[in-house]
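Hi,

Here is the model we talked about, handed over for you to look through. My notes on the side-chain pairs and strands follow below it.

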Amino acid sequence: MAQDTIVVGAGVAGLECARRLQRAGRSVVVLEKARRVGGRCATRRFEGQPVDVGPMFFHGQEPAFLEALDEVAGVTVLEGWPGRVEGGGAPCQPGALDPSTRHFAFAEGMNAFTRHLAEGLNVRLQTTVTRIRPVGAEFEATAGDGTTFRGRNLVLALALEETRAFLATLPASPELASVQALLAMFFSVPSLTVIAGYPVGANTPPWDLLFPDPSEALQLIAHDSAKRRDPRFLTLVYQARPRWSRARLEQPMVEWSPELIEAAGAVLGPWALRPLWTFPHRWRYARVDRSCELARPVRLKLPQGPSLGLAGDVFTPGGGVQAAWLSGARLAESLLQED
Ligand SMILES: Cc1cc2nc3c(=O)[nH]c(=O)nc-3n(C[C@H](O)[C@H](O)[C@H](O)COP(=O)(O)OP(=O)(O)OC[C@H]3O[C@@H](n4cnc5c(N)ncnc54)[C@H](O)[C@@H]3O)c2cc1C
């Protein structure tokens, strides 16, 4: 099926890129391997209660990004969340809580934003792209079930390492080699995460976020249920430090998940060792490393003619949700300008 543009990845970057292209009259298909849109901007539901699994709140200074968030309809905006921050550890994005940075959450969860971005788009969920290749003046993307998609432009809006893996399969060219050399300088950091549900009532923490100071394992404990209306559970999200996560990345979840709960118990007290339920999640590529300072999305014209665009959080200084959104927006504008 021929499109103007194929976007691989329905995270913040891919969705914003696709949205702008479609608004300008382009035919776009978004191919996403997961069962839902959003990528790392992820929210899961436990007996109906939303819990954010990736970023816990929005933060940014770019007016266009903040306006896009303000356009999300039907959500309760928790302006200023997290208001109660404790602990001496460092947030992964040091500027996130600066007074000059707006920060807030949605009571409905972070992925209300990506569901909003996806409205009206042709998104094919559970469609894992396994191969991309130029065919004449077009790109072809093949999904795991053998379905093929053709487009004049192909956009990869993936985590850095996932993008690199696709680039390695393309026919060699000097331009491609220089992009590969550039991207080889950066890397993503992992985060092993456990969501733990406890009875509501006793032990409600007096903070929204805690950055445990002496913990070797824990980077952050988020009091997620503080964002929810009438929560059924006290929900805490335990995010592990990159080094701790890297050392256990290939281990089964049943091994590292109790270890992280134990670390939480050491910080919070014995009650935290006895959650009603837990849900572990392995973020292999959680965030780009702080050294990532690529200024803009990459455009690449292959010798045969089709055009490849690269977006995602690595393509804007600082990384994170705002960076991903900006990269998608800028890539779309660049594609539209050229034609
Ligand atoms: C635990 C954690 C904490 C974080 N904390 C913060 C924070 O405090 N502040 C902040 O700003 N950011 C934070 N981030 C980072 C932020 O979530 C990301 O930078 C941002 O969401 C990246 O968006 P993206 O669109 O670039 O990529 P992604 O969200 O990764 O989107 C890529 C999409 O591509 C899909 N995909 C991958 N391979 C294929 C394939 N072969 N075929 C089809 N689809 C494919 C994936 O399923 C995914 O949906 C955090 C992330 C995590 C995990």
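A salt bridge here is a side-chain nitrogen of Lys or Arg within 4 Å of a carboxyl oxygen of Asp or Glu. Keep in mind that this is a predicted model.

With that cut-off, Lys 227 and Asp 224 qualify, since their side chains meet at 3.2 Å, N to O. Both partners are out of the solvent: Lys 227 is buried at 1% relative accessible area, and Asp 224 is buried at 0%. Lys 227 also has an aromatic neighbour, as it lies over the face of Trp 81, 4.7 Å from the ring centre.

That brings me to the rings. Searching the whole structure turns up eleven aromatic pairs. In one of them, Phe 57 and Trp 81 have ring centres 6.5 Å apart and planes at 65°; the cut-off for edge-to-face is over 60 degrees, so this pair is edge-to-face. Phe 57 sits in the loop between β4 (49-52) and β5 (58-60), while Trp 81 sits in the loop between β6 (77-79) and β7 (85-86), so the contact ties together parts that are 24 residues apart in sequence. Phe 57 is buried, with a relative accessible area of 9%, and Trp 81 is buried too, at 7%.

Another pair is Phe 65 with Trp 325, which is tilted, at 5.9 Å centre to centre and 55° between the planes. Phe 65 belongs to helix α2 (residues 63-70) and Trp 325 to helix α8 (residues 320-338), so here the parts tied together are 260 residues apart in sequence. Phe 65 is buried with 0% relative accessible area, and Trp 325 is buried with 1%.

Which residues do ring pairs link into a cluster? Phe 65 and Trp 325 are in it, together with Phe 58, Phe 104, Phe 106 and Phe 113.

One member of that cluster has a charge over it: Arg 102 lies over the face of Phe 104, at 4.1 Å from the ring centre. Arg 102 has a second partner as well, because its side chain meets that of Glu 79 in a salt bridge (2.8 Å, N to O). Arg 102 lies in strand β8 (residues 102-106) and Glu 79 in strand β6, so this pair ties together parts that are 23 residues apart in sequence. Is Arg 102 buried, exposed or partly exposed? At 22% relative accessible area, Arg 102 is partly exposed.

Back to the charges in general. Side chains of opposite charge can pair when their charged atoms come close. Over the whole structure, the search finds 23 salt bridges. Among them is Arg 284 with Glu 250, where the closest N and O atoms are 2.9 Å apart. Arg 284 lies in strand β17 (residues 277-288), and Glu 250 lies in the loop between α6 (242-248) and α7 (253-268), so the pair ties together parts that are 34 residues apart in sequence. Arg 284 counts as partly exposed at 32% relative accessibility, whereas Glu 250 is exposed at 62%.

There is also a network of salt bridges, which links Arg 131, Arg 133, Glu 138, Glu 140 and Arg 150.

On to the strands. Strand β11 (residues 138-143) is mostly covered, with five of its six residues buried. It has a partner in strand β10 (residues 129-135): the two run antiparallel and are joined by six bridges. Within that pairing, Val 129 stands opposite Ala 143 of β11. β10 and β11 form a hairpin with two residues between them, and Gly 136 in the turn has a positive phi of about 60°.

β11 also pairs with strand β12 (residues 148-157), again in the antiparallel sense, over four bridges. There, Thr 142 has Thr 148 in β12 as its bridge partner. This too is a hairpin, with four residues between the strands; Gly 146 in the turn has a positive phi of about 95°.

One last spot is Thr 163, found in helix α4 (residues 160-167). Thr 163 counts as buried at 1% relative accessibility. What does Thr 163 touch, not counting residues up to four places away in sequence? Its contacts are Leu 156, Leu 158, Leu 183 and Leu 310.

Cheers

Key
Residues numbered from 1 in each chain as written. Predicted model: local features only at pLDDT ≥ 70, side-chain atom pairs only at ≥ 80, totals over all residues. Heavy atoms only, no water. Phe/Tyr/Trp six-rings, centres within 6.5 Å; stacked < 30°, edge-to-face > 60°. Buried < 20%, exposed > 50% of the residue type's maximum accessible area, 1.4 Å probe, protein only. Lys NZ or Arg CZ within 6 Å of the ring centre and 35° of its normal. Pairing = 2+ DSSP bridges. Contact = heavy atoms within 4.5 Å.
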